[in-house]
Amino acid sequence: MDCRPDGSQTWRARGPILLGVGADAGNLPRDLYTVDGVHTIDIGPTGFKTLTIGHGSAEPLCAKIT
């Protein structure tokens, strides 16, 4: 994980992990995701999340549990 003075962060990980994205707060729609594979999550100083998947998938969970 890289943390910068402005509060932004970059996470590089191998999944599976859970990723929550709020309304208008990421490059994915609002949901809770299971992210599997190799990916990078950039979190801007405002909290905006950008998921980049090198290899793998991001599956939304909310529709599966309602």
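Here are some friendly notes on this predicted model, point by point.

1. **Overall make-up.** The chain folds into 1 helix and 5 strands. Reading from the N terminus, the order is β-β-β-β-β-α, so the helix follows the strands by the order of that string. Along the principal axes, the C-alpha atoms fill a box of roughly 40 × 25 × 15 Å.

2. **Overall dimensions.** For 66 residues, a compact globule would have a radius of gyration near 11 Å, and the 12 Å of this chain agrees with that. Of the 66 residues, 20% count as buried. If you look at contacts between residues at least 6 apart in sequence, 39% of them join residues at least 24 apart.

3. **S4 as a pairing partner.** Strand S4 covers residues 31-43 and pairs in the antiparallel sense with strand S2 (residues 9-14) over 6 bridges. Strand S3 (residues 17-21) also runs antiparallel to S4, and 5 bridges join the two. With strand S5 (residues 49-60), S4 forms 11 bridges, again in the antiparallel sense.

4. **Register.** If you want to check the alignment of the strands by eye, three pairs will help. Arginine 14 stands opposite valine 38 in S4, and isoleucine 17 stands opposite valine 35 in S4. For the pairing with S5, look for tyrosine 33, which stands opposite proline 60.

5. **The S4-S5 hairpin.** There are 5 residues between the strands of this hairpin, and glycine 47 takes a positive phi near 95° there. The backbone angle at glycine 47 is worth a glance alongside alanine 25, a residue in the loop between S3 and S4, because alanine 25 is in contact with Gly47 by the 4.5 Å heavy-atom cut-off.

6. **The nonpolar core.** Which residues make up the largest nonpolar core? It has 7 of them: Leu19, Val21, Tyr33, Val35, Ile41, Ile43 and Leu51. S3 and S4 each supply at least two residues of this core, and S4 gives the most, with 4 residues.

7. **Valine 35 in detail.** One of the core residues is Val35, and its surroundings are easy to list. Leaving aside neighbours within four places in sequence, valine 35 is in contact with Gly15, Pro16, Ile17, Leu19, Leu51, Ser57 and Ala58. Among these partners, Leu19 and Leu51 are themselves members of the core, while Ile17 is the residue that stands opposite valine 35 in the strand pairing.

8. **A cis peptide bond.** Another contact of valine 35, Pro16, deserves attention for its backbone. The peptide bond from glycine 15 to proline 16 is cis, with omega near 20°. Most residues other than glycine have a negative phi, and most peptide bonds are trans. Proline 16 is found in the loop between S2 and S3.

9. **Aspartate 24.** The other backbone angle to look at belongs to aspartate 24, which has a positive phi of about 55° although it is not a glycine. Aspartate 24 lies in the loop between S3 and S4. Is this residue buried or exposed? Aspartate 24 counts as exposed because its relative accessibility is 79%, over the 50% cut-off.

10. **Alanine 25.** The loop between S3 and S4 also holds alanine 25. Alanine 25 is partly exposed, with a relative accessible area of 23%. Beyond its neighbours within four places in sequence, alanine 25 is in contact with Gly47, Phe48 and Lys49. The C-alpha atoms of alanine 25 and serine 8 are separated by 14 Å, and these residues are 17 apart along the chain.

11. **Salt bridge.** How many salt bridges are there? The count comes to 1: the side chains of aspartate 2 and arginine 12 meet at 2.9 Å, N to O. This pair links distant parts of the chain, with aspartate 2 in strand S1 (residues 2-3) and arginine 12 in strand S2, 10 residues apart. Aspartate 2 is partly exposed at 34% relative accessible area, whereas arginine 12 is exposed at 55%.

12. **Cysteines.** The count of disulfides comes to 0. As for the cysteines themselves, cysteine 3 counts as exposed at 53% relative accessibility, and cysteine 62 counts as partly exposed at 32%.

Conventions: Residues numbered from 1 in each chain as written. Predicted model: local features only at pLDDT ≥ 70, side-chain atom pairs only at ≥ 80, totals over all residues. Heavy atoms only, no water. Pairing = 2+ DSSP bridges. Disulfide = S-S within 2.5 Å. Buried < 20%, exposed > 50% of the residue type's maximum accessible area, 1.4 Å probe, protein only. Core = buried A, V, L, I, M, F, W, Y, C linked by side-chain atoms within 4.5 Å. Salt bridge = Lys/Arg side-chain N within 4 Å of Asp/Glu carboxyl O. Rg over C-alpha atoms; globule rule 2.2 N^0.38 Å.
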